[in-house]
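These are my notebook entries on one protein model. I record what I looked up, entry by entry.

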Amino acid sequence: MLAGCGEKGGASPKSAVKGAKAKGAAAPVLVGQVQRQRIPIIVEAVGAVEPLRMTAVRPQVTGVLQKIAFQEGKDVKQGDLLFEIDPRPFRGALQAATADLQKLKVQLETARAQVARYEALSRDQMISKEHFQKILDEALTTEAEVLASESRVNNAKLQLEFSAMRAPMSGRTGNLNVHEGDLIRANDPGSLVTINQVSPVYVTFGVPQQYLSAINRYRAERSLAVRVIPPGSEETPESGELTFLDNMVDPATGTIKLKATFKNEHQRLWPGQFASVMITLAEPEVLTVAASAVQNSQTGQHVFVISPDRIAELRPITVGRTYEGFAVVTKGLEEGESVVIDGQIRVIPGRSVEIKAPPGSSVSETPPSETAQGKKKAKTVEKSST
């Protein structure tokens, strides 16, 4: 009876355990494809924003500050009135210089008339040559005095013009260092206000010297694009162009100084600000795989490659670089192969795996090769039945 019961059960307990182990050997995994795509070669650095132009406004004449014609921290245009120094002393000096000039001009006209009259007398030998030469010298002296007086008039006009201080360039004004009613002096070391040009701007950064040859090579082919992300900003980065490469490597740090120019139309970049810089050298087409597929071990980097019959293979690879979740593979994989991107901890080389669809995906778990084979079998059965 015992023997009979055992035969009707069909399988021994030992074989049942083996079957359970074989069934449990298939590790659930997510897979991804090895594919070719364009991945940019990027050099990252930390840069500082600098104004394209900067000027410190200083007085050129001494006087009492009568008017401040702008609001600090606001934009000004070239030629806008910034400060006005009391112009009355300069107007008075201009009037005095103008009066002196008019007086000398009258004297010059008289001297020239005398020269013309005595020149005729000298030709007729009515007067001595010495007397005529004296009259001629006086006329020349008066003419020189007129030129000097004209120079004093022009200088007085310039001093009056300097009393109205205008913006030498367009830009954003900074902190005011004076107030209305202050006595300001010419050639003071301090500035009244500083103007920075914030559109466009420079971003200065340094990269290690080992990138110098690559930058020179790619820069000779085309202009290099540079992107900057201001700190604390989650918006799209600002795009610019590399415009300056220093002529020497800093021996203290082993870095080369570069500058990129940005239009900064929305003024997201501010002078003195630090920002993350990414310079794109090229965008070659390379073999890529999801970065999550790459595993590290004592022997190096490797991935689990899934064969068409769902058998896992541990394969060593060489990764050149990573970019936005992708690893650039330079050795070890071929385009179109399937690799495990999640669930590697349960994968055993040489064992079968169970391919799962990503969460929320409607993709079938059956590999495309098996699906095609199933359709082929169904068509054969249908034909035979017909």
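Entry 1, overall. I looked up burial and found that 32% of the 386 residues of the protein count as buried, where buried means under 20% relative accessible area, exposed over 50% and partly exposed in between, with a 1.4 Å probe and protein chains only. The model is predicted, with local features needing pLDDT of at least 70 and side-chain atom pairs counting only at pLDDT 80 or more, while totals for chains, interfaces and linings use all residues. Residues are numbered from 1 along each chain as its sequence is written, and side-chain values use heavy atoms, with hydrogens and water left out. I noted six helices and 24 strands in the secondary structure; helices (H or I, at least four residues) and strands (E, at least two) are DSSP runs numbered from the N terminus. Of the contacts in the protein with a separation of 6 or more, 77% are accounted for by residues 24 or more positions apart, a contact being heavy atoms within 4.5 Å.

Entry 2, the largest nonpolar core. I asked which residues of this core touch the most other members. Among its 26 residues they are Val 203, Phe 205, Val 207, Leu 242, Leu 258, Phe 262 and Leu 281. A nonpolar core is here a set of buried Ala, Val, Leu, Ile, Met, Phe, Trp, Tyr and Cys residues joined through side-chain atoms within 4.5 Å. Two or more residues each come from strand 3 (41-51), strand 12 (201-208), helix 5 (212-221), strand 13 (225-229), strand 14 (238-250), strand 15 (255-262) and strand 16 (274-282). Strand 16 gives the largest share, five residues. I then listed the contacts of Leu 281, leaving out residues up to four places away in sequence: Ile 41, Val 43, Ala 214, Ile 215, Tyr 218, Arg 222 and Leu 224. Another core, of 19 residues, lies apart from this one and includes Val 57, Met 169, Leu 176 and Val 193. As background, nonpolar side chains tend to be buried together in soluble globular proteins.

Entry 3, helix 5. I found Ala 214, Ile 215 and Tyr 218 buried in this helix. Seen down the axis of helix 5, the buried residues fall within an arc of 95 degrees, so they line one face; the arc is that of the directions from the helix axis to the C-beta atoms. The cover over the buried residues of helix 5 includes strand 3, strand 12, strand 14, strand 15 and strand 16.

Entry 4, Leu 245. This residue lies in strand 14 and is buried, at 17% relative accessible area. Beyond its neighbours within four places in sequence, Leu 245 contacts Leu 212, Asn 216, Arg 219, Ile 256, Lys 257 and Leu 258. Leu 245 and Ile 215 are 30 residues apart along the chain, with 9.3 Å between their C-alpha atoms.

Entry 5, Leu 192. I located Leu 192 in the loop between strand 10 (183-184) and strand 11 (193-196). Is Leu 192 buried or exposed? With a relative accessible area of 4%, Leu 192 is buried. Residues up to four places away aside, Leu 192 touches Val 57, Pro 59, Phe 83, Met 165, Asn 175, Leu 176, Asn 177, Val 178 and Ile 184. The C-alpha atoms of Leu 192 and Val 178 are separated by 6.0 Å, across 14 residues of chain.

Entry 6, the second largest pocket. I noted about 250 Å³ of space in this pocket. Its lining consists of Thr 55, Ala 56, Val 57, Arg 58, Pro 59, Gln 60, Glu 161, Phe 162, Ala 164, Met 165, Arg 166 and Pro 168. Strand 4 (54-57), helix 4 (129-162) and strand 8 (164-166) give two or more residues each to the lining. A pocket is an open set of points on a 1 Å grid over the protein atoms alone, where a 1.4 Å probe fits, with protein on both sides within 12 Å along at least five of seven lines; lining residues have an atom within 4 Å of a point. Grid points are joined across faces, edges and corners, and the volume is the space filled by probe spheres set on the points.

Entry 7, backbone details. A cis peptide bond, with omega about 0 degrees, joins Ser 199 and Pro 200; Pro 200 sits in the loop between strand 11 and strand 12. Asn 187 is not a glycine, yet has a positive phi of about 65 degrees. Asn 187 is exposed at 73% relative accessibility. Asn 264, also not a glycine, has a positive phi of about 55 degrees. Asn 264 lies in the loop between strand 15 and strand 16 and is buried, at 1% relative accessible area.
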